[in-house]
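User: I've got a model open and want to talk through a few spots in it. Can we go question by question?

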Amino acid sequence: MPKNSKVTQREHSSEHVTESVADLLALEEPVDYKQSVLNVAGEAGGKQKAVEEELDAEDRPAWNSKLQYILAQIGFSVGLGNIWRFPYLCQKNGGGAYLVPYLVLLTIIGVPLFFLELAVGQRIRRGSIGVWHYVCPRLGGIGFSSCIVCLFVGLYYNVIIGWSIFYFFKSFQYPLPWSECPVIRNGTMAVVEAECEKSSATTYFWYREALDISNSISESGGLNWKMTLCLLVAWSIVGMAVVKGIQSSGKLDKMLDPQVWREAATQVFFALGLGFGGVIAFSSYNKQDNNCHFDAALVSFINFFTSVLATLVVFAVLGFKANIMNEKCVVENAEKILGYLNSNVLSRALIPPHVNFSHLTTKDYSEMYKVIKTVKEDHFSALGLDPCLLEDELDKSVQGTGLAFIAFTEAMTHFPASPFWSVMFFLMLINLGLGSMIGTMAGITTPIIDTFKVPKEMFTVGCCVFAFFVGLLFVQRSGNYFVTMFDDYSATLPLTVIVILENVAVAWIYGTKKFMQELTEMLGFRPYRFYFYMWKFVSPLCMAVLTTASIIQLGVTPPGYSAWIKEEAAERYLYFPNWAMALLITLIVVATLPIPVVFVLRHFHLLSDGSNTLSVSYKKGRMMKDISNLEENDETRFILSKVPSEAPSPMPTHRSYLGPGSTSPLENSGNPNGRYGSGYLLAGTPESEL
């Protein structure tokens, strides 16, 4: 560039650049578009901000390899829900029949929206706040809502990791501490703990030794110091991992039930991490020519395959446990029958001659049970005999924490070398949980750091400390009930709203055709038309129907939770009290409030969308630009092409910028004034290719 040029002179002065774009370019040597940088910046005084954002984009951390990125996305999407929620839903909703609605919704909602989030994150290279502000400023609140939902989920999710840490350290002993009921000694008397005797050893250990749970959500019971320490350890691990950076993550009736489809949709959202912002955050560290279409298909397949594999393992373990418990039932009831025979309550004539009490099989007991029930029909209930059916044991399905901390622990007590298997199991849970937590934290830290330029280490540590103290709510004796509230209700509805609006922002406001064209330029090939129709019509319609069904379901069936009643040593379903319902509604409102607030503020121009100035500046040979004065009816920002010859140039008709080997855009465009009527296109770096 000539030393006496106006631009060079202005570069070393504070004077405002007043020349037109045409005048500036007329005096300059041809610029290699591959070395230029374009930035869409904000309001007056935005030139310095634009420069800082471009330099920040160039210094943005990147994945060391494609494998590292894929493993990080898998770690985020494959979490604890794959191990306990998916198998429970399969068992609850008809076994293999549940896979039909799940696969349908995965195909028409899950994969298309997962691809969409990967694509916008990779293209725009910002977190969720920056991405949705860029796509549609009036819907910029989507990003803030995503951060709040991530916070809600992270608060209780790390508590579950803390539970896993507690069980992990308790596994280094033989026999396992939950293998037998505790015995209370009173002088020469030894009595089994009544609560444990009424339930089981594993159930007692979970509710009393681990959680020391209260009878209801209204009884706080104070802090559980053991779980408080475990929560501190969990947040310390998550904090160190996030501070270190992105490299650290690496039956037919049933099928027609609307409830089944609603639960399947919720599982799809949680399984793939849609709407949390973690997917966008991870993909924003990719190069722009990365094949995110392949990534979406691969991660979705691995996630589904992992869920199915986990379900098979869970069913095998639960089947093993059911057989063990059924045999135990037969032995206990056989002893009762022998007692009745010895006391002449029952006649030995009722016992089939081939039955041998020393080697009593399940089939023999069943036959004996039917005979006694038929003969003693009037007084049978007083005998207290159980049918000991294997089907009944299998139907005692548990979900979530109950599956991991009751059913699995019960099964492991019967394994050879049980402490080893227990250590491995809970180590797996900790790793799965941490992978998802790192992605969840990225959904909070990445957009905030990108938008407000706060120091990463300080902000991350501050988030973890804040979350730990708020998380003390979940390590009270009533904490498990709050986990249920947050897991089942407070995050689900806002998350669905966020995903719907993401789809609408891209497909209906930004424009599906425009977005498909941008993907073609970014990927080097045109995605299947399947995605066009899914994004434009099918996915938003299905999600709207499912959201309506969820709201109706909440109205018909008031929210509640399963409470453990100590005196009964059994669970009882209770409805949330009024204050808990108020808290629940508040959480849902807080999570969704940023969306209408940002919309109103920007609609009435109370909050700038960064489009009120036009400035051109140079910085070390780089050209920066603020697109401004957009037409009032154009609420989107065009993700600019990285191929100059394919982009409409808004330059005056007498002059246009020509990149190397490119032809005049005016000769290829029917709109000589360009898309917005002002500005120009230079491309090269990841940010300028937006």
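User: Where is the place of Ser 436?
Analyst: Keep in mind that this is a predicted model. UniProt, in an unreviewed entry, lists Ser 436 among its "binding site" positions. As for its place in the fold, Ser 436 sits in helix α21.

User: Is Ser 436 buried or exposed?
Analyst: The cut-off for buried is under 20% relative accessible area. Ser 436 has a relative accessible area of 6%, so it counts as buried.

User: Which residues does Ser 436 touch, not counting residues up to four places away in sequence?
Analyst: Two of the partners, Gly 75 and Val 78, also carry the UniProt "binding site" label from the unreviewed entry. With residues up to four places away in sequence left out, the list for Ser 436 is Gly 75, Phe 76, Val 78, Gly 79 and Tyr 157.

User: And Leu 432, is that buried or exposed?
Analyst: Leu 432 lies in helix α21, which spans residues 418-452. Its relative accessible area is 17%, and the buried class covers anything under 20%. Therefore Leu 432 is buried.

User: Which residues is Leu 432 in contact with, leaving aside its neighbours within four places in sequence?
Analyst: Gly 75, Val 78, Gly 79 and Tyr 157 turn up for Ser 436, and they turn up for Leu 432 as well. Leu 432 also reaches Leu 80 and Ile 83. Put together, the contacts of Leu 432 are Gly 75, Val 78, Gly 79, Leu 80, Ile 83 and Tyr 157.

User: Moving on to charges: how far apart are the closest N and O atoms of Glu 195 and Arg 208?
Analyst: The two form a salt bridge. It links distant parts of the chain, with Glu 195 in helix α10 (residues 194-198) and Arg 208 in helix α11 (residues 201-210), 13 residues apart. Glu 195 and Arg 208 are both buried. Their closest N and O atoms are separated by 3.1 Å.

User: What class of exposure does Asp 212 fall in?
Analyst: Asp 212 meets Arg 477 in a salt bridge at 3.7 Å, N to O. Arg 477 has 26% relative accessibility, so it is partly exposed. Asp 212 has a relative accessible area of 28%, which means that it too is partly exposed.

User: What is the N to O distance in the salt bridge of Arg 572 and Glu 568?
Analyst: Arg 572 is partly exposed at a relative accessible area of 37%, and Glu 568 is partly exposed at 41%. Their side chains meet with an N to O distance of 2.3 Å.

User: Which residues are joined into one network by salt bridges that share partners?
Analyst: By the rule used here, the count comes to six salt bridges. Through shared partners, one network takes in Glu 195, Arg 208, Asp 212 and Arg 477.

User: What does the side chain of Gln 476 reach at 3.0 Å?
Analyst: Gln 476 is in the loop between α22 (456-471) and α23 (479-490). Leaving aside neighbours within four places in sequence, it is in contact with Ser 220, Gly 222, Leu 223, Asn 224 and Phe 482. At 3.0 Å, its side chain reaches the backbone oxygen of Leu 473.

User: Zooming out, what share of the residues in the protein chain is buried?
Analyst: The chain has 28 helices and six strands. It exposes about 30500 Å², with carbon and sulfur atoms supplying 61% of that. Of its 690 residues, the buried share is 55%.

Note on methods:
Residues numbered from 1 in each chain as written. Predicted model: local features only at pLDDT ≥ 70, side-chain atom pairs only at ≥ 80, totals over all residues. Heavy atoms only, no water. Helix = DSSP H or I, 4+ residues; strand = E, 2+ residues; numbered from the N terminus. Buried < 20%, exposed > 50% of the residue type's maximum accessible area, 1.4 Å probe, protein only. Areas by Shrake-Rupley, 256 points an atom, 1.4 Å probe, with all protein chains shown as cover. Salt bridge = Lys/Arg side-chain N within 4 Å of Asp/Glu carboxyl O. Contact = heavy atoms within 4.5 Å. Polar contact = N/O pair within 3.5 Å; in protein donor to acceptor, adjacent residues only side chain to side chain. UniProt positions renumbered as here; feature names shortened; annotations may be inferred.
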